[in-house]
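Please examine the sequence and the model below before reading on. The account that follows moves from one element to the next and closes with the chain as a whole.

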Amino acid sequence: EGTYAPGSVFKLVLAAGVLEEKKIDEKTLFEDTGILKAGPLTFGNWYFLQYGKTDGMVNVVKAIRRSNDIFFYKTGNLLTPTKIKVWAETLVYGKSTGIGFEEADGLIPSEFWKLDSLKDRWYLGDTYNLSIGQGYLIVTPLQVTQATSVFANGGYLCHPELLKVKSPASP
């Protein structure tokens, strides 16, 4: 099974983590300014980059609904890369599902991983990229399915299983 950057679906990890860690609540607002700076780099919200518009004041519900990058950059910084990794692993990212066939673990990057593997320190931009499901983060489609099932079924983590089904034409 292949590994990919999950993109915006990973924002659910940030939302869950930042709410559970009580860094924000459902009323917390951040202003979508269109662009954030991290040293010499700029990180834009997709809506601003594509249409030149911002979403104004954004709470977690609007941030999820609009997939607002600025909100998740800011909450990722509040949550920290260490806690993002903890919440990603809680939602089963970064390890095989145990479904019964060969599958990749993926990678939830950390400050230690980057220093050890790439011999470079972690930057704020790395946190921003991780916060929107980009950068060094790689996961499998099955991990995405398993993690998002938590949000779709009232908070239960489901473990995938394979079923052998005979076609109606088979004896």
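In which sense do strands E2 and E3 pair, and over how many bridges? In this predicted model, E2 and E3 (residues 41–44) are antiparallel and share four bridges. One bridge joins Ile 35 to its partner in E3, Gly 44. The two strands form a hairpin with two residues between them, and Gly 39 in the turn has a positive phi of about 65°. Within E2, which covers residues 35–38, the side chains alternate between two faces. Leu 36 and Ala 38 point to one face and are buried, whereas Ile 35 and Lys 37 point to the other and are not.

The helices can be followed next, beginning with H1. Two packed helices are described by the angle between their axes and the distance between the axes. For H1 (residues 11–20) and H4 (residues 69–79), the angle is about 50° and the axes are 10 Å apart. Angles that are neither under 35 degrees, nor over 145, nor from 65 to 115 count as oblique, and H1 and H4 are therefore oblique to each other. The crossing of H1 past H4 is left-handed. On the H1 side, the residues that meet H4 are Lys 11, Leu 14, Ala 15, Gly 17 and Val 18; on the H4 side they are Asp 69, Phe 72, Thr 75, Gly 76 and Leu 79. Sorted by class, this contact of H1 with H4 comprises five nonpolar, three polar and two charged residues.

H1 also packs against helix H5, which covers residues 81–90. Here the axes of H1 and H5 come within 9 Å and cross at roughly 110°. Since angles of 65 to 115 degrees count as roughly perpendicular, that term therefore applies to H1 and H5. H1 passes H5 in a right-handed crossing. Val 13, Leu 14, Gly 17 and Glu 20 in H1 meet Ile 84, Trp 87 and Ala 88 in H5. By class, the H1 and H5 contact has five nonpolar residues, one polar and one charged. Leu 14 and Gly 17 are thus named in the contact of H1 with H4 and again in that of H1 with H5.

Val 13 merits a separate look. This residue of H1 has 2% relative accessibility; because buried means under 20%, Val 13 counts as buried. Apart from neighbours within four places in sequence, Val 13 is in contact with Ile 84, Trp 87, Ala 88, Leu 91 and Tyr 93. Val 13 and Thr 148 are 135 residues apart along the chain, yet their C-alpha atoms are separated by 9.1 Å.

Attention now turns to H4 and its packing with H7. The axes of H4 and H7 (residues 124–131) come within 8 Å and cross at roughly 120°. That angle makes H4 oblique to H7. The crossing of these two helices is right-handed. Phe 72, Tyr 73, Gly 76 and Asn 77 in H4 meet Leu 124, Thr 127, Tyr 128 and Ser 131 in H7. The residues of this contact divide into four nonpolar, four polar and no charged. Phe 72 and Gly 76 of H4 take part here with H7 and also in the contact with H1.

Why is H7 described as largely enclosed by the rest of the structure? Six of its eight residues are buried, so the description follows. The buried residues of H7 are Gly 125, Asp 126, Thr 127, Tyr 128, Leu 130 and Ser 131. These residues pack against H1, E2, E3, H4, H5 and helix H6 (111–118), which brings the hairpin strands and the helices discussed above into one list of partners.

Asn 129, also in H7, has 26% relative accessibility and therefore counts as partly exposed. Leaving aside neighbours within four places in sequence, Asn 129 is in contact with Phe 43, Gln 134 and Gly 135. Asn 129 and Asp 69 are 60 residues apart in sequence and 9.6 Å apart in space, C-alpha to C-alpha. Gly 133, which follows H7, has a positive phi near 75°.

Finally, the chain may be viewed as a whole. The protein has eight helices and four strands, running α-β-β-β-α-β-α-α-α-α-α-α from the N terminus on. Its C-alpha trace spans about 65 × 40 × 30 Å along the principal axes. Of the 171 residues, 40% count as buried. Among contacts between residues at least 6 apart in sequence, 69% join residues at least 24 apart.

Methods: Residues are numbered from 1 along each chain as its sequence is written. This is a predicted model: local features need pLDDT of at least 70, side-chain atom pairs count only at pLDDT 80 or more; totals for chains, interfaces and linings use all residues. Side-chain values use heavy atoms; hydrogens and water are left out. Buried means under 20% relative accessible area, exposed over 50%, partly exposed in between (1.4 Å probe, protein chains only). Two strands pair if DSSP finds at least two bridges between them. Axes are lines fitted to C-alpha atoms, for helices over the stretch in contact, and angles run from 0 to 180 degrees between N-to-C directions. A crossing is left-handed if the near helix is turned anticlockwise from the far one by less than a right angle, and right-handed if clockwise. Contact means heavy atoms within 4.5 Å. Ala, Val, Leu, Ile, Met, Phe, Trp, Tyr, Cys and Pro count as nonpolar, Asp, Glu, Lys and Arg as charged, and the others, Gly among them, as polar.
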